[in-house]
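Hi,

Here is the structure I said I would pass on to you. Have a look at it first, and then read my notes underneath.

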Amino acid sequence: MPKVIFQKSELSLEWTGAEESILELAEANDLDLDYGCRMGNCTACQQAVISGDVEYPNGHTGEPDEGNQLLCCCQPKGDADVVIDA
């Protein structure tokens, strides 16, 4: 299982797939991140991904800034850890 590491918050969490998105994982562990629509449209949840890959199993229509990902609808891709600048 990969870890999702929130670098600024110094929080390292195991991704089990119990939550539908990285945002939900953060919230389940009392990390408050910005969000809006929760569907990948508004881009309010975008954060820089420092390393690792993510995927969007349900898609999205918003376009995050280069180097950022939409945490409300993405999940870690594969077994590598994901490091987020949050």
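Below is what turned up, starting with the sheet and ending with the salt bridges.

One thing to keep in mind as you read is that this is a predicted model.

**The sheet**

Start with the open sheet, which is built from five strands in the order β2-β1-β7-β3-β5, with mixed pairing. The strands at the edges are β2 and β5, and each has a single partner strand, so one side of each goes without a neighbour in the sheet. If you ignore direction, neighbouring strands here are turned by 35 degrees against each other on average. As a bit of background, strands in a sheet pair through backbone hydrogen bonds, and they can do so in a parallel or an antiparallel way.

Now walk across the sheet from the β2 side. β2 and β1 are antiparallel and share four bridges. One of the pairs you can look for is Phe-6 with its bridge partner Leu-11 in β2. The two strands make a hairpin with four residues between them. Within that turn, Glu-10 has a positive phi of about 55 degrees.

β1 itself has two faces. Val-4 and Phe-6 sit on the covered face, while Lys-3 and Ile-5 are on the uncovered one.

Next along is β7, and how does it run relative to β1, parallel or antiparallel? The two are parallel, joined by three bridges. Ile-5 is a handy place to see this, since Val-83 in β7 stands opposite Ile-5.

From β7 you move on to β3, and here the strands run antiparallel, with two bridges between them. Val-49 has Ile-84 in β7 as its bridge partner. The last step takes you from β3 to β5 (residues 68–70), again an antiparallel pair, this time with three bridges. Gln-46 faces Leu-70 of β5 across that pairing.

**Two residues in β3, and one in a loop**

Gln-46 deserves a second look. This residue belongs to strand β3, and is Gln-46 buried or exposed? With a relative accessibility of 18%, Gln-46 counts as buried, because the cut-off for that class is under 20%. Leaving aside residues up to four places away in sequence, Gln-46 touches Pro-64, Asp-65, Asn-68, Gln-69 and Leu-70. Leu-70 is therefore both a contact of Gln-46 and the residue standing opposite Gln-46 in β5.

Ala-48 is in strand β3 too. Its relative accessible area is 26%, which makes Ala-48 partly exposed. With residues up to four places away in sequence left out, Ala-48 has contacts with Gly-67, Asn-68, Val-83, Ile-84 and Asp-85. If you want a distance to check on screen, Ala-48 and Gln-75 are 14 Å apart from C-alpha to C-alpha, with their positions 27 residues apart in sequence counted as separation.

Ala-80 is in the loop between β6 (75–76) and β7. This residue comes out as partly exposed, at 44% relative accessibility. The C-alpha atoms of Ala-80 and Val-54 are separated by 9.7 Å, and the two residues are 26 residues apart along the chain.

**The salt bridges**

How many salt bridges does a search of the whole structure find? It finds two.

One of them is between the side chains of Lys-8 and Asp-85, at 3.7 Å from N to O. Lys-8 is in the loop between β1 (3–6) and β2 (11–14), and Asp-85 is in the segment after β7 (82–84), so this pair ties together parts that lie 77 residues apart in sequence. As for accessibility, Lys-8 counts as exposed at 60%, whereas Asp-85 counts as partly exposed at 25%. You have met Asp-85 already, among the contacts of Ala-48.

The other salt bridge joins the side chains of Arg-38 and Glu-27, at 2.5 Å from N to O. Arg-38 lies in the loop between α1 (22–28) and β3 (46–51), and Glu-27 is in helix α1, so here the parts tied together are 11 residues apart in sequence. Arg-38 is partly exposed, with a relative accessible area of 32%, and Glu-27 also counts as partly exposed, at 29% relative accessibility.

That is everything from my side for now.

Cheers

Terms used. Residues are numbered from 1 along each chain as its sequence is written. This is a predicted model: local features need pLDDT of at least 70, side-chain atom pairs count only at pLDDT 80 or more; totals for chains, interfaces and linings use all residues. Side-chain values use heavy atoms; hydrogens and water are left out. A salt bridge is a side-chain nitrogen of Lys or Arg within 4 Å of a carboxyl oxygen of Asp or Glu. Buried means under 20% relative accessible area, exposed over 50%, partly exposed in between (1.4 Å probe, protein chains only). Two strands pair if DSSP finds at least two bridges between them. Axes are lines fitted to C-alpha atoms, for helices over the stretch in contact, and angles run from 0 to 180 degrees between N-to-C directions. Contact means heavy atoms within 4.5 Å.
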